[in-house]
Amino acid sequence: VTPQGVTILIGEHYEGGGKPVSYHAQLIKSRREQIKFPIRNTYLDPHCWAKNQTSGQRVFSIADEYAEHGIFAVPGQHDWETGFNRCTEALLPVPGRPYPDDSGRENCPSVLVFSSCPAYIKEKLNYRWKKAKSVVTRNEVDEPIDFMDHHMDGERYFFASRPVGEEYVPPVTKSALQLVQQLIRKANPLEDAEVVVGWMSR
């Protein structure tokens, strides 16, 4: 999320096939290492906290398994209307807000998606509403079809949390002299270390 409040989707892990949690957790961690941005929150389906997994005498949840593999998550906001409304608002252009590039364009919406997220794009384009089965005149069913919507659920959890962007400050790389000063201070905290550049230093 940029400081201007634009959420940018840059990658995805979308794979089923009965793979264990350890497999997914390892791939998630490798993606995080590639991104190198601090992770503020990780959201899981609230049903993942159900204690319905067993191993011997032990009873645990899917969320417990992820925590054991270093992925600490919080339950997503499960209220569908709240999440859907915020997802819809995120698609609307915001007057005057510049795009996070050098194009000079304005009126940027609150979500942008890279082409490296093909499964998300496919789900978004195929999101469909249920139709009333009765021929009786009434309002259309205000509910989506529960099919191929894993990304849509994740998006609802994310936007329902009202994410706030922060300015990214890259880690400061210290020079060799600064590292030497740091080591001297660590060895003798009472000494105000000063490294003299030259062929001889104290």
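In the predicted model, the charged end of Lys-19 sits over the ring of Tyr-23, at 5.4 Å from the ring centre. A second arrangement of this kind involves Arg-58, whose charged end lies over the ring of Phe-60, 4.3 Å from its centre.

Aromatic rings also pair with one another, and a search of the whole structure identifies three aromatic pairs. In one of them, the ring centres of Tyr-43 and Phe-158 are 6.4 Å apart and the ring planes stand at 80°. Because an angle over 60 degrees counts as edge-to-face, the pair formed by Tyr-43 and Phe-158 is assigned to that class. Tyr-43 belongs to strand β2 (residues 43-44), whereas Phe-158 belongs to helix α5, so the pair ties together parts of the protein that are 115 residues apart in sequence. Phe-158 additionally pairs with Phe-159, again edge-to-face, with 5.3 Å from centre to centre and 80° between the planes. Tyr-43, Phe-158 and Phe-159 thus make up one aromatic cluster.

The members of this cluster were further examined for solvent accessibility. Tyr-43 has a relative accessibility of 25% and therefore counts as partly exposed. Phe-158, at 24%, is likewise classed as partly exposed. Phe-159 has a relative accessibility of 9%; because buried means under 20%, Phe-159 counts as buried. Across the protein, which comprises 202 residues, 23% of the residues count as buried.

Helix α5 (residues 150-160) also takes part in a contact with helix α4 (residues 118-125). Two packed helices are described by the angle between their axes and the distance between the axes. For α4 and α5, the axes come within 8 Å and cross at roughly 90°. This crossing angle makes α4 roughly perpendicular to α5, since angles of 65 to 115 degrees fall in that class. On the α4 side, the contact is formed by Ala-119, Tyr-120, Glu-123 and Lys-124, which meet His-150, His-151, Met-152 and Glu-155 of α5. By character, the residues of this contact divide into three nonpolar, two polar and three charged.

At the level of the whole chain, the secondary structure consists of six helices and six strands. From the N terminus on, these elements follow the order β-α-β-β-β-α-β-α-β-α-α-α. Among contacts in the protein with a separation of 6 or more, 55% are made by residues 24 or more positions apart. The pairing of Tyr-43 in β2 with Phe-158 in α5 links parts separated by 115 residues in sequence.

Terms used. Residues are numbered from 1 along each chain as its sequence is written. This is a predicted model: local features need pLDDT of at least 70, side-chain atom pairs count only at pLDDT 80 or more; totals for chains, interfaces and linings use all residues. Side-chain values use heavy atoms; hydrogens and water are left out. Axes are lines fitted to C-alpha atoms, for helices over the stretch in contact, and angles run from 0 to 180 degrees between N-to-C directions. Helices (H or I, at least four residues) and strands (E, at least two) are DSSP runs, numbered from the N terminus. Angles under 35 degrees count as roughly parallel, over 145 as roughly antiparallel, 65 to 115 as roughly perpendicular and the rest as oblique. Contact means heavy atoms within 4.5 Å. Ala, Val, Leu, Ile, Met, Phe, Trp, Tyr, Cys and Pro count as nonpolar, Asp, Glu, Lys and Arg as charged, and the others, Gly among them, as polar. Rings of Phe, Tyr and Trp (its six-membered ring) pair if their centres lie within 6.5 Å; planes under 30 degrees apart count as stacked, over 60 as edge-to-face and the rest as tilted. Buried means under 20% relative accessible area, exposed over 50%, partly exposed in between (1.4 Å probe, protein chains only). A charge sits over a ring if NZ of Lys or CZ of Arg is within 6 Å of the ring centre and within 35 degrees of the ring normal.
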